[in-house]
Amino acid sequence: MKIWMVATYKSNQLKRLQENLKNQDFNFYNPTINIVKDNLSSVEEPLFPGYIFIHANLDNYHKIKYTKGCLLYTSPITRDRQKCRMPA
């Protein structure tokens, strides 16, 4: 069963992490927002800076945790909002 997981990434490592997740065939989501600064052109920035959402099986915990660019792996998100047990 696939679940959504949250991971943090190192500063300036988002592109690297996305590429590494894509190479491992993981689905991920990094929401962005367009911000207009000083009435100039809009800039696209992450909605949750430093966080990325990964949709994968819990069995892939170690692969995600040790993916280059990933800083810290946080608890998976379940539908009933309870924490899942991490594999040993």
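Strand E1, which spans residues 2–9, is mostly covered, since 6 of its 8 residues are buried. This strand is a convenient place to enter the structure, which is a predicted model. E1 pairs with strand E5 in the antiparallel sense, and the pairing runs over 7 bridges. Within that pairing, Ala7 has Ile52 of E5 as its bridge partner. In a regular strand the side chains alternate between the two faces of the sheet.

Just ahead of this strand comes Met1, which belongs to the segment before E1. Met1 counts as exposed because its relative accessible area is 81%, a value over the 50% that marks exposure. Leaving aside neighbours within four places in sequence, Met1 is nevertheless in contact with Ala56, Asn57 and Leu58. The C-alpha atoms of Met1 and Ala56 are separated by 8.0 Å, although the two residues stand 55 residues apart along the chain.

With this starting point in mind, the overall plan can be laid out. The protein contains 2 helices and 6 strands, and from the N terminus on these elements follow the order β-α-β-β-β-β-α-β. Of its 88 residues, 34% count as buried. Among the contacts in the protein with a separation of 6 or more, 67% are made by residues 24 or more positions apart. The accessible surface comes to about 6600 Å², and carbon and sulfur atoms account for 50% of that area.

The path now leads to helix H1, which covers residues 14–23 and includes Gln18. Gln18 counts as buried because its relative accessibility is 18%, and the cut-off for burial is under 20%. When residues up to four places away in sequence are not counted, Gln18 touches Phe28, Asn30 and Ile52; Ile52 is the residue already met as the bridge partner of Ala7.

Asn30, another of the residues that Gln18 touches, lies in the loop between strand E2 (27–29) and strand E3 (32–36). Is this loop residue buried or exposed? Asn30 counts as buried, because its relative accessibility is 13%. Apart from its neighbours within four places in sequence, Asn30 is in contact with Tyr9, Leu14, Gln18, Pro46, Tyr51 and Ile52.

Beyond Asn30 the chain enters strand E3, which pairs with strand E4 in the antiparallel sense over 5 bridges. In this pairing Ile35 stands opposite Val43 of E4. The hairpin that E3 and E4 form has 5 residues between the strands, and Asp38 takes a positive phi near 55° there.

After E4 (42–46) and before E5 (51–57) there is a further loop, and this is where Phe48 is placed. Phe48 counts as partly exposed because its relative accessibility is 40%, which falls between the 20% limit for buried residues and the 50% limit for exposed ones. Together with Ile33, Leu47 and Tyr51, Phe48 makes a nonpolar surface patch of about 350 Å². Tyr51, one member of that patch, is also among the residues in contact with Asn30.

How many aromatic pairs does the structure hold? There is 1 such pair. It is formed by Phe48 and Phe53 in an edge-to-face arrangement, with 5.9 Å from centre to centre and 75° between the planes. Phe48 therefore takes part in this pair while remaining partly exposed, with a relative accessible area of 40%.

Note on methods
Residues numbered from 1 in each chain as written. Predicted model: local features only at pLDDT ≥ 70, side-chain atom pairs only at ≥ 80, totals over all residues. Heavy atoms only, no water. Helix = DSSP H or I, 4+ residues; strand = E, 2+ residues; numbered from the N terminus. Buried < 20%, exposed > 50% of the residue type's maximum accessible area, 1.4 Å probe, protein only. Contact = heavy atoms within 4.5 Å. Areas by Shrake-Rupley, 256 points an atom, 1.4 Å probe, with all protein chains shown as cover. Patch = residues over 30% accessible without salt bridge, like charges linked within 9 Å, V, L, I, M, F, W, Y side chains within 5 Å. Salt bridge = Lys/Arg side-chain N within 4 Å of Asp/Glu carboxyl O. Phe/Tyr/Trp six-rings, centres within 6.5 Å; stacked < 30°, edge-to-face > 60°. Pairing = 2+ DSSP bridges.
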